[in-house]
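Student: I'd like to learn how to read a model like this one, feature by feature. Can we go through it together?

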Amino acid sequence: MEVQWVLVCHGCLTLLIVVSFLCGNWPIFQNTPIQRIHHFITVGAYDYFLRFSMFAFGSRGRDAVLSVENHCCDRPNPVLQVIYLAIIGMTYYFVVKSSFIYVPGYYLSEVHRYTSFFAVGVGVLLFLLTSFSDPGTVKAENVSQYMFAYPYDNILYKEKECSTCKIPKPARSKHCSICDRCVARFDHHCGWMNNCIGEKNTRYFLAFLLWHFLLCLYGAAAIGLILAGRLKELKVIYILTVYYEIDYSFSSLAPHVIQWLVGSYNTQILLMVFLAVVSLLLAGFFGYHAHLCVRNMTTNETFKWQDYKNWKRKLNDARVSTAALKARIGGMTGERKPPRSKWKAFFQRSPLEDAEVVVEDNIYDRGVLGNLYEIAFPLSSRSSFLGGKSD
């Protein structure tokens with residue numbers, strides 16, 4: 001039973017950390033242990049480590065940690081790429097070593113030995129495509145074409161020059177401080193790819209997320225079917241009901257079946273849980289980016305629109321408050337009006353409710369099909385791009 005409890009505690013701890021890291025800033029978790037765990041993971045742990053380095057090794061230790069941070073987070077480096085290759089390689093190795101001896105089995109045919117290798121190979125290929133493809137670098141040679149392809153909306157983007165590259169800055173582009181280049185239709189810099197995600201390689205990035213979600217789901221399902229096949233082949237249910245006289249019901253059999261699986265196939269169960277959790281995370285990331293692509297938005301623009309709407313909302317509130325204050329001052333200095341009914345005052349609309357509603361006026365939205373077509377076939381890959389026109 002010790003192994004079972006270790007697995008249960010491992011699963012609960014993993015779930016707590018994943019939920020805290022991804023959702024700790026949600027309003028529902030304010031002032032809760034999950035928010036504190038999120039703060040510790042994202043900020044607190046590093047801050048304590050930096051203080052410990054300063055205490056134990058002085059300024060040299062702190063400077064060494066800061067230089068490592070600068071190299072890993074503020075400069076292009078292949079650390080996360082190596083970690084990705086190690087994760088996918090070791091996971092596939094453990095799956096092969098622990099589970100392929102049962103393939104072919106009751107539910108799986110021998111073809112899955114080859115389809116699994118093909119699926120992993122395609123995943124690595126998409127990783128390499130995303131990592132080493134040009135994200136859409138804006139240069140002096142193509143800046144005029146990009147400016148035709150992405151006109152300024154005069155809301156988020158206005159005509160200006162990149163202070164680093166010293167060239168005009170097309171709309172939707174951004175200068176990446178890590179890669180030190182301007183990227184067209186900039187989405188974000190991905191450390192796992194050691195590359196920016198932009199106009200030209202967003203399609204590869206989306207394919208990478210979708211394929212790895214399906215790959216993890218396939219792996220978890222395949223291991224589940226292997227374990228179900230072992231139950232059938234070894235006649236575990238028959239033995240439990242006939243020889244141990246356990247009732248043939250789910251509530252009676254489930255604890256004994258789980259105990260037998262965990263005791264006999266704990267490596268496979270750990271791999272299945274790991275793949276299932278990762279598939280859920282990848283599904284969330286893919287869903288988020290697919291939602292942005294359908295609207296022809298980028299991660300960078302979501303933050304820009306949020307800042308713009310907050311600024312507009314504050315400006316509108318200030319205008320309405322100023323108008324209301326002027327009306328009150330005018331009422332105090334002018335003729336006294338008869339007192340209003342309390343019921344009328346109660347049901348009267350607040351001046352703040354008359355504030356202008358801030359909406360996203362996304363001029364780059366071409367409709368769902370047009371947006372998806374733009375992702376699959378970027379504007380810079382079309383013949384009209386060289387002529388300085390946008391489709």
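**Reading the model, feature by feature**

Tutor: Let's start with K166, which is exposed at a relative accessible area of 56%. Keep in mind that this is a predicted model. K166 sits in the loop between α5 (143–149) and β1 (174–176).

Student: What is the phi of K166 near?

Tutor: The general idea is that most residues other than glycine have a negative phi. K166 is not a glycine, yet its phi is positive, near 60°.

Student: Where does N31 lie, and is N31 buried or exposed?

Tutor: Look in the loop between α1 (2–23) and α2 (33–73) for N31. Its relative accessibility is 67%, so N31 counts as exposed. N31 also has a positive phi, about 60°, without being a glycine.

Student: And the peptide bonds? Which residues does a cis peptide bond join?

Tutor: As a general matter, most peptide bonds are trans. Here a cis bond links V103 to P104, with omega at about 5°. You'll find P104 in the loop between α3 (79–99) and α4 (111–132).

Student: Let's zoom out for a moment. How many helices and strands does the chain have?

Tutor: The count is 13 helices and four strands. The chain has 391 residues, and 34% of them count as buried. For contacts, look at sequence separation: among those with a separation of 6 or more, 66% are between residues 24 or more positions apart.

Student: How do I check a helix's length? What should α4 span?

Tutor: Use the rise of 1.5 Å a residue: the 22 residues of α4 should span 32 Å, and the end C-alpha atoms are 32 Å apart, so the two agree. Try the same check on α8 (residues 250–264): its 15 residues should span 21 Å, and its end C-alpha atoms are 20 Å apart, which agrees.

Student: Which residues of α8 are buried?

Tutor: They are L253, A254, V257, L261 and V262. Now look down the axis of α8: the buried residues fall within an arc of 155°, so they line one face of the helix.

Student: What do the buried residues of α4 pack against?

Tutor: Their partners are α3, β4 (195–197) and α6. The buried residues of α4 include S116, A119, V120 and G123, and further along L126, F127, T130 and S131.

Student: Next, aromatic rings. How many aromatic pairs does a search of the whole structure find?

Tutor: The search finds 15 aromatic pairs. One of them is Y92 with F117, a tilted pair at 6.4 Å centre to centre with 50° between the planes. That pair links distant parts of the chain, with Y92 in helix α3 and F117 in helix α4, 25 residues apart. As for accessibility, F117 is exposed, with a relative accessible area of 58%.

Student: What about F127 and F208: how are their rings arranged?

Tutor: F127 and F208 form a tilted pair too, 6.3 Å centre to centre and with 45° between the planes. F127 lies in helix α4 and F208 in helix α6 (residues 202–233), so this pair ties together parts that are 81 residues apart in sequence. Both F127 and F208 are buried. Ring pairs also bring in Y84, giving a cluster of Y84, F127 and F208.

Student: Let's try a charged side chain. Is R230 buried or exposed?

Tutor: The cut-off for buried is under 20% relative accessible area. At 17% relative accessibility, R230 therefore counts as buried. R230 is in helix α6, and its side chain makes a polar contact with the side chain of E233 at 2.9 Å. Leaving out residues up to four places away in sequence, R230 touches Y102, W260 and Y265.

Student: Last one: which residues does UniProt list for "transmembrane region"?

Tutor: The unreviewed UniProt entry lists residues 6–28, 79–102, 114–132, 204–229, 236–257 and 269–288. A useful habit is to hold each listed span up against the model. Residues 79–102 are 88% helix and 0% strand, and the end C-alpha atoms lie 35 Å apart. Residues 236–257 come out at 68% helix and 0% strand, with end C-alpha atoms 8 Å apart.

Technical notes. Residues numbered from 1 in each chain as written. Predicted model: local features only at pLDDT ≥ 70, side-chain atom pairs only at ≥ 80, totals over all residues. Heavy atoms only, no water. Helix = DSSP H or I, 4+ residues; strand = E, 2+ residues; numbered from the N terminus. Expected span 1.5 Å × (residues − 1). Buried < 20%, exposed > 50% of the residue type's maximum accessible area, 1.4 Å probe, protein only. Arc of directions from axis to C-beta. UniProt positions renumbered as here; feature names shortened; annotations may be inferred. Phe/Tyr/Trp six-rings, centres within 6.5 Å; stacked < 30°, edge-to-face > 60°. Polar contact = N/O pair within 3.5 Å; in protein donor to acceptor, adjacent residues only side chain to side chain. Contact = heavy atoms within 4.5 Å.
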